[in-house]
Amino acid sequence: MFKIGVFGIITDDQNRVLLCHRRDYDLWNLPGGNLKGDESPWDGLVREIREETGLSAKPVHLTGVYSKPDKSELVLSFACEITGGKLITTDEADKCEYFAMGQIPQNTSLKQIERIKDYLENKNKTYFKIQTGPSSIELIKQGKL
């Protein structure tokens with residue numbers, strides 16, 4: 001059995017990307033997470049964005065399919081548009097901020113930085129990639145991030 005993760009890439013009018021700072025680890029991520037058993041990827045993404053940011057959003061384009069075979073995971077990244085709500089702190093994120101690519105915090109998930117770079121390189125393309133190696137949480141636990 002493998003997990004499916006879904007993450008939203010939301011940009012503002014200055015092409016900055018929305019990141020959420022997790023409450024459980026000193027780590028910035030794109031809003032998103034794992035699907036629940038009965039969810040479609042787009043419904044799970046909408047739920048995750050709302051839970052982490054307070055925003056209502058809709059996916060408009062699949063930007064990447066990232067296989068993590070060493071972890072039995074598949075991650076889908078979507079470009080999203082905000083449809084309502086207000087950016088707030090939540091039980092899952094103590095900060096949500098927009099960052100230009102050159103100003104993304106060092107304690108941001110490396111695999112998610114790759115997904116952001118892919119999107120910003122060509123917003124109309126869908127990338128298909130394999131991502132391997134330790135997760136950012138594993139790197140934090142090892143003192144390497």
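**A guided tour of helix α2, strand β2 and H61**

Begin by selecting helix α2, residues 110-121: at 1.5 Å a residue its 12 residues should span 16 Å, and its end C-alpha atoms are 16 Å apart, which agrees. The expected span is 1.5 Å times one less than the number of residues. Helices (H or I, at least four residues) and strands (E, at least two) are DSSP runs numbered from the N terminus.

The model is predicted: local features need pLDDT of at least 70 and side-chain atom pairs count only at pLDDT 80 or more, while totals for chains, interfaces and linings use all residues. Residues are numbered from 1 along each chain as its sequence is written, and side-chain values use heavy atoms, without hydrogens and water.

Within α2, highlight the buried residues (under 20% relative accessible area, 1.4 Å probe, protein chains only): K111, Q112, I113, R115, I116, D118 and Y119. Their packing partners, by contact (heavy atoms within 4.5 Å), are β1 (3-9), β2 (17-22), β3 (28-29), β5 (55-68), β6 (73-85) and β8 (127-130).

Next, select β2, in which 5 of 6 residues are buried. Strands pair if DSSP finds at least two bridges between them. β2 pairs with β7 (residues 93-99) in the antiparallel sense over 6 bridges, and R22 stands opposite A93 in β7. β2 also forms a hairpin with β3, with 5 residues between them; there, C20 stands opposite N29.

Finally, move to H61 in strand β5. H61 is partly exposed (between 20% and 50%), with a relative accessible area of 22%. Discounting residues up to four places away in sequence, H61 touches S77, F78, A79, K123, N124, K125 and T126.
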